[in-house]
Structure formats: C-alpha cells, structure tokens
Amino acid sequence: MNPPEDALAALRELRAGDLPTHGGRTLAYVYDSGLSEVDTLGAAAHALASSANGLDPTAFPSLLRMENDLVAEASALLGDVPGVVGSVTSGGTESCLLAVLAARDDRPSPSIVLPTTAHAAFHKAAHLFGLRRIDVPVDPVTFRADPAAMAAAMDDSTVLVVASAPSYAHGVLDPIAPIAAAALERGVRMHVDACIGGWVLPYFARLGADIPLFDFRVPGVTSISVDLHKYAYCPKGTSVLLHASAELRRSHYFASASWPGYTMLNTTIQSTRSGGPLAAAWAVTRHLGSEGYLSLAASTRAAVAHIRAGIADIDGLRVLGDPVSTLIAFTGDDGFDLFTVADEMKARGWYVQPQFAHLSSPVNLHLTVTAANHGSEKEFLTDLAASVDAARAAGPVVIDPAVAEFVAALDPASLTSEQFAGLLAAAGLGGAAGLPDRMAPINALLATAPAPLRERLLLEFLGALYTPS
C-alpha cells in the first residue's frame with residue numbers, strides 16, 4: 001500500500017489546478033461564508049457521519065433526527081405554516097426533480113408550466129419522467145414571469161406550475177402570489193424554486209429589503225426547494241424539498257417489496273445516502289444560527305449593492321432586470337466583447353460566468369455574490385473596468401463567416417461522433433486536455449450555434465473529458 005500522506009499530497013497537487021473555492025474570487029459554483037470555522041466544522045461533522053447510511057432511518061436514527069431538524073428549520077424560515085413536511089436531498093436539481101415526480105401522476109398525459117427563465121433542472125425532470133413541458137415567455141425587459149400568460153398556459157393536463165425566487169439567470173423574483181392564485185383556482189400544484197433565495201431572502205427582508213412573500217404564506221404554494229449548500233453555507237451537497245402536507249409528499253416516495261431482498265423504501269431518488277453531507281449541514285446551521293445568518297446576509301447584501309452600483313458606473317455595462325437577491329447579470333454595448341471581458345477577469349484572478357443569449361436575454365456575464373465578497377468589491381470593480389478597457393482595445397472576436405454559416409446549418413441529430421470530433425477540434429475543444437486559457441473565441445463560435453447543436457457539441461466535449469487517457 002502507498003502511504004496515506006502520499007495520496008493526500010497527490011490530491012493537493014490535483015486541486016491546485018482548480019478554481020479557488022474561498023476568498024470570493026470565484027463568482028459561480030461555490031458559496032463562501034468567509035468564516036474559516038464554518039469549513040472546519042462542516043468537514044469534521046462530515047467525517048463523523050460519512051459512513052452512516054440514510055437508506056434505513058431505523059438503523060441510523062441520528063440521521064433521521066438531523067433530517068427532521070433541518071426540515072423544521074427550513075419550514076420555520078419559509079412561512080412557519082403548520083403541516084409542512086420535507087426531505088433532505090443531494091442538491092437543488094434532485095429537489096426540483098422530486099417536486100415534479102410528486103406531481104406527475106395527478107393527471108393523465110401530464111404537463112408542467114414553466115417560465116422560460118425556470119432552471120434547466122425542470123427540463124431534466126420533464127425529460128426523465130415523461131412530462132410535456134409548456135414554456136411560457138417572460139417579460140422581455142424585467143425577465144419576470146408573466147402571471148396572465150402562466151395562467152393561460154394551464155390546461156386540464158397541467159400537474160405543476162413553477163416560479164422562481166429568484167431565477168438563476170437574472171436574479172429576479174417572479175410574481176409568486178398571482179401565479180399561485182391561478183394554480184390554486186385550477187387545482188394545480190405550485191412549486192417555488194427557492195434553491196438560491198430560500199435561505200437568504202428571508203434575512204434580506206429582516207434587514208429591510210422589500211421582498212414580496214414567496215413562501216407557504218402565499219395561498220396556492222404547495223412545495224418549495226431551498227439549498228443548504230448555497231446561502232446556508234453548508235458543504236455540498238444538501239438541499240431541502242418542502243411540501244405543504246404529507247399527502248403531497250407521499251407520491252415522490254418509492255417502495256418495492258416485489259423482490260426477495262429487503263423491502264426497498266426511498267424518500268429521495270437515491271437509495272444509499274452518506275450521512276456526511278446531512279451531518280455537516282446540521283452542524284453548520286446550528287453553529288451559525290439566526291443571528292449568524294443575519295450577519296452573513298448583511299455582508300452579502302452590502303456586497304451586492306456595492307457591486308451593482310459599480311457595474312452601472314462602468315461605461316458600456318448594464319445590469320439586466322432588477323435583481324433582488326444575490327445574483328447579478330450584466331451585459332455590454334457593441335463596443336467590446338463580453339467573452340473577452342470574462343477572459344480578462346480570469347487573467348486578473350476572478351471567475352465570472354458567461355451566459356449565452358436566449359430569447360430577449362442578450363449575452364451576459366453572471367455573478368454569484370456571497371458574504372466573502374464583502375470587502376473586496378472595490379478591487380473587483382477596478383479589475384472589471386480594466387477588463388472592459390482591455391476588451392475594447394482587443395477589438396471584436398472575429399469568426400470566419402463561412403465557418404459560422406456552416407455551423408449554424410448543421411443538424412445535430414444527423415451528425416456522427418467522428419464528425420463531431422472534427423467540429424470539436426475546429427472549435428478548440430478536441431481531446432481530453434481540457435479548455436484553453438482564453439475562451440472568448442470558443443464561446444463566440446458556440447454562440448453562433450443553435451441551442452440544440454450547442455448542447456450536442458458540449459455533450460460530446462463532456463464525453464471526451466470523461467474518457468480515461
């Protein structure tokens with residue numbers, strides 16, 4: 001056997017090539033409280049329970065107790081309405097999947113009604129569980145769901161209506177109350193995707209922010225998802241799916257006694273579940289408590305306000321919509337390329353997330369702001385202004401018109417894996433060596449491709465990455 005310290009040294013060497021998860025430099029994918037003891041506590045609690053299995057709560061009653069405690073805490077934060085029950089899941093996508101699964105059998109040939117800004121997890125749920133998806137356009141300026149259009153899209157096949165608090169792409173809060181009222185009138189379930197906002201918007205409200213009700217206090221809301229590994233600052237991956245009643249939750253449970261083994265009982269999509277993430281979340285939420293989260297929310301809110309105002313002061317940048325939470329999306333004028341701005345920010349030690357144009361939403365850069373960003377706002381904005389200047393000086397990213405026309409005309413359904421390999425190589429995505437340092441030329445080419453082709457190209461690239469060399 002190799003010494004344990006050798007394995008850890010090799011792991012540290014591998015991790016050295018990753019984006020930083022602390023310090024507020026990575027404004028996507030990670031949620032950093034800026035408190036080192038939170039990470040230490042989460043890791044220690046994870047280690048204490050990592051070998052326990054959530055498959056059987058009678059065998060590991062500690063996990064049952066911790067899950068019930070977390071569900072109760074989430075319920076108290078999101079309306080404190082009697083009768084609410086829930087499940088702890090592996091993350092926001094699983095919570096959204098289970099919300100759809102719970103509603104699926106309410107009506108034959110089921111459909112779900114979504115604003116076009118709803119998280120792609122609901123697309124995945126419809127694909128996996130065989131539901132028809134009805135996408136409803138949002139307001140082209142505010143990017144908020146249109147209650148009248150959502151109501152008009154419901155029919156006798158609708159089993160679930162979804163709205164966001166807030167939406168990921170733009171950080172705006174959908175008008176929950178009128179959408180929920182329309183769902184209630186039709187006898188349809190209403191899910192609020194508060195995966196991002198559920199643990200921070202209530203604290204923003206306590207700090208004086210004007211946050212419309214979005215939780216179980218709104219008549220018609222039947223389920224809510226809230227991620228603990230986001231603004232509860234718990235280790236990944238934990239989320240809570242809440243239902244307004246046990247009856248509504250029952251249909252996402254699974255049981256099978258029709259085999260010679262143990263009777264299989266599952267509260268989530270997973271069977272075996274490590275107790276590690278659950279214990280880590282339980283410990284972190286108990287350590288921080290309401291006052292700790294209020295303080296973190298205050299730091300985050302201050303950082304959001306500072307960064308948003310600073311973006312507006314940079315010539316050529318414009319914030320999209322009216323974000324009320326912790327997410328900011330901003331676009332630019334025609335004088336520079338936003339993908340180049342992202343590259344320039346990375347060269348300065350910041351990761352900002354590019355988002356492609358979709359319907360009325362232009363190409364933009366997305367920021368996930370956390371408590372760890374408080375105190376470094378000036379440095380971030382200085383580097384952002386310098387990155388915009390550098391992008392202006394560099395000029396537009398030029399894509400050969402013939403290549404762009406060729407790519408736009410491709411049919412992803414008819415192309416072979418070999419042809420895709422050639423396209424990936426042409427786009428700079430060939431092989432399993434990862435991505436180049438400068439992504440602007442690749443993103444500019446991908447932006448010319450219709451969404452289905454872009455999906456297929458990136459799936460092929462993903463497959464190449466997950467092929468052992």
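These legends go with close-up views of a predicted model.

**View 1. A nonpolar patch on the surface, built from Leu459, Leu462, Leu465 and Tyr466**. Together these residues offer about 440 Å² of accessible area. Leu459 sits in helix α16, which covers residues 451-465. Is Leu459 buried or exposed? Its relative accessibility is 56%, so Leu459 counts as exposed.

**View 2. A salt bridge between the side chains of Glu379 and Arg25**. Here the N to O distance is 3.0 Å. Glu379 belongs to helix α12 (residues 377-394), while Arg25 is in the loop between α1 (4-15) and α2 (36-49), so the contact ties together parts that are 354 residues apart in sequence. Glu379 has a relative accessible area of 40%, which makes this residue partly exposed. In the whole structure there are 20 salt bridges.

**View 3. Asp135 and Arg133, paired in a salt bridge**. Their closest N and O atoms are 2.8 Å apart. How exposed are the two partners? Asp135 is partly exposed, with a relative accessible area of 34%, and Arg133 also counts as partly exposed, at 34% relative accessibility.

**View 4. Arg186 meets Asp156 in a salt bridge**. The closest N and O atoms of this pair are 3.3 Å apart. Distant parts of the chain are linked here: Arg186 is in helix α7 (residues 176-186) and Asp156 is in the loop between α6 (147-153) and β4 (158-164), 30 residues apart. Arg186 counts as partly exposed at 35% relative accessibility, whereas Asp156 is exposed, with a relative accessible area of 61%.

**View 5. A salt-bridge network of Arg65, Asp69, Glu73 and Arg286**. What joins these residues into one network? They are connected by salt bridges that share partners.

**View 6. The largest cavity, with a volume of about 50 Å³**. This is one of 2 cavities of 30 Å³ or more in the structure. Its lining has 13 residues, and the closest to the centre are Gly24, Arg25, Thr26, Val30 and Asp32. You may recognise Arg25 as the salt-bridge partner of Glu379. The lining divides into 3 nonpolar, 8 polar and 2 charged residues.

**View 7. The second largest cavity, with a volume of about 40 Å³**. Around this space are Trp199, Val200, Tyr203, Tyr231, Tyr233, Tyr293, Leu296, Ala297 and Thr300. Which helix gives the most to this lining? Helix α10 (residues 275-313) does, with 4 residues. By type, the lining has 8 nonpolar residues, 1 polar and no charged.

How values were computed
Residues numbered from 1 in each chain as written. Predicted model: local features only at pLDDT ≥ 70, side-chain atom pairs only at ≥ 80, totals over all residues. Heavy atoms only, no water. Patch = residues over 30% accessible without salt bridge, like charges linked within 9 Å, V, L, I, M, F, W, Y side chains within 5 Å. Areas by Shrake-Rupley, 256 points an atom, 1.4 Å probe, with all protein chains shown as cover. Salt bridge = Lys/Arg side-chain N within 4 Å of Asp/Glu carboxyl O. Helix = DSSP H or I, 4+ residues; strand = E, 2+ residues; numbered from the N terminus. Buried < 20%, exposed > 50% of the residue type's maximum accessible area, 1.4 Å probe, protein only. 1 Å grid on protein atoms, 1.4 Å probe; cavity = no way out; pocket = protein on both sides within 12 Å on 5 of 7 lines; lining within 4 Å. Points joined across faces, edges and corners; volume = space filled by probe spheres on them. Nonpolar A, V, L, I, M, F, W, Y, C, P; charged D, E, K, R; others polar.
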